[in-house]
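Me: I'd like to go through the charge pairs and the core in this one, and hear the reasoning behind each label. Can you take me through it?

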Amino acid sequence: MGEPLNELADFGRAIADVQDEEIRRISLSTEARLLAEPPKVGRRGPRRVGVLSLAAAAVATVLALWLWPRAVTFSVGDTDAVGELDEWIAAPADGAVPLHFSDGTSLVLAARARARVTGADQNGAKLVVERGRVDATVVPRKGSSWRLLFGPFQVHVTGTRFVADWSPESQRLTVDLSEGSVLVQGPALGGGHALAAGNVLEVSAVEQRATIRSTEPKPAVTTAPEPPADRDLDDAGAATIEPIDAE
């Protein structure tokens, strides 16, 4: 059995040698032809065409990168340093910390609040709030999408102004919406609840209860004055004057 295997191995090596020789012959033939051909006057040589092609490709690459949608970036506080994803940001007990995003959106962490930006793309960012109040002003843009997570609750934003306050101890979230609209999802909200400007949502994950109230002032209710006793009102509501008999 060993002899046929040896012969097969020898045959394989012979085929490989023939292939290597053919590749070497083609390479030498191509090199000799290029050296023997004189450059042709009045025509672009292959080198110039190659350089122009590479330059065009480089310009196209730079243009594509410049036009490609970029993820929003953010800075923390009054510094210009770019913020890092998944890095916890804690506001001190005596002051707030603003987060400035490259699209003009701002999220301000109130005193003692703690949060981190966990994701960002060209449409917006995702913020996880561990505790405290966030004052959000999201710039409305086509296709914009922002998500703020408060424990088991999510607030989906496209462009609006609101204040959200989250207590992890009581598992209670309050969302006070002043402009735009948001969608809040989580316990006691079914598939989610859309808030309009002027609405305040208070929801508890522990009690599984949600309430909504309006901050818009109610219009004043006016009552019509009582008609004089000696006058009757017709069906149209107009006053009629009874005739007086002359003596």
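Reply: Sure. Arg 172 has a relative accessible area of 31%, so it counts as partly exposed, since that label covers the range between 20% and 50%. Keep in mind that this is a predicted model.

Me: What makes Glu 207 partly exposed?

Reply: Glu 207 comes out at 44% relative accessible area. Exposed would need over 50% and buried under 20%, so partly exposed is the label that fits.

Me: Why is the contact between Arg 172 and Glu 207 called a salt bridge?

Reply: The N to O distance between their side chains is 3.4 Å. The cut-off is 4 Å between a side-chain nitrogen of Lys or Arg and a carboxyl oxygen of Asp or Glu, so the pair qualifies. In general, side chains of opposite charge can pair when their charged atoms come close.

Me: Where do Arg 172 and Glu 207 sit in the chain?

Reply: Arg 172 is in strand S10 (residues 172–179), and Glu 207 is in the loop between strand S13 (199–204) and strand S14 (209–214). They are 35 residues apart, so the pair links distant parts of the chain.

Me: How do you know that Arg 209 forms a salt bridge with Glu 207?

Reply: The closest N and O atoms of Arg 209 and Glu 207 are 2.9 Å apart, which is within 4 Å, so the label holds. Arg 209 is partly exposed, at 46%. Through shared partners, Arg 172, Glu 207 and Arg 209 are joined into one network.

Me: What makes Asp 86 and Arg 116 a salt bridge?

Reply: Their closest N and O atoms are 3.3 Å apart, and 4 Å is the limit, so they pass. This pair also links distant parts of the chain, 30 residues apart: Asp 86 lies in the loop between strand S1 (74–76) and strand S2 (89–90), and Arg 116 in strand S5 (residues 114–121).

Me: Why is Arg 116 called partly exposed and not buried?

Reply: Arg 116 has 22% relative accessibility. Buried means under 20%, so Arg 116 falls in the partly exposed range.

Me: How many salt bridges does the whole structure have?

Reply: Seven turn up in the search.

Me: And which residues have the most contacts inside the largest nonpolar core?

Reply: Leu 99, Phe 101, Phe 150, Val 155, Phe 162 and Leu 173, in a core of 37 residues. Strand S6 (residues 124–138) gives the most to this core, with six residues.

How values were computed:
Residues are numbered from 1 along each chain as its sequence is written. This is a predicted model: local features need pLDDT of at least 70, side-chain atom pairs count only at pLDDT 80 or more; totals for chains, interfaces and linings use all residues. Side-chain values use heavy atoms; hydrogens and water are left out. Helices (H or I, at least four residues) and strands (E, at least two) are DSSP runs, numbered from the N terminus. Buried means under 20% relative accessible area, exposed over 50%, partly exposed in between (1.4 Å probe, protein chains only). A nonpolar core is a set of buried Ala, Val, Leu, Ile, Met, Phe, Trp, Tyr and Cys residues joined through side-chain atoms within 4.5 Å.
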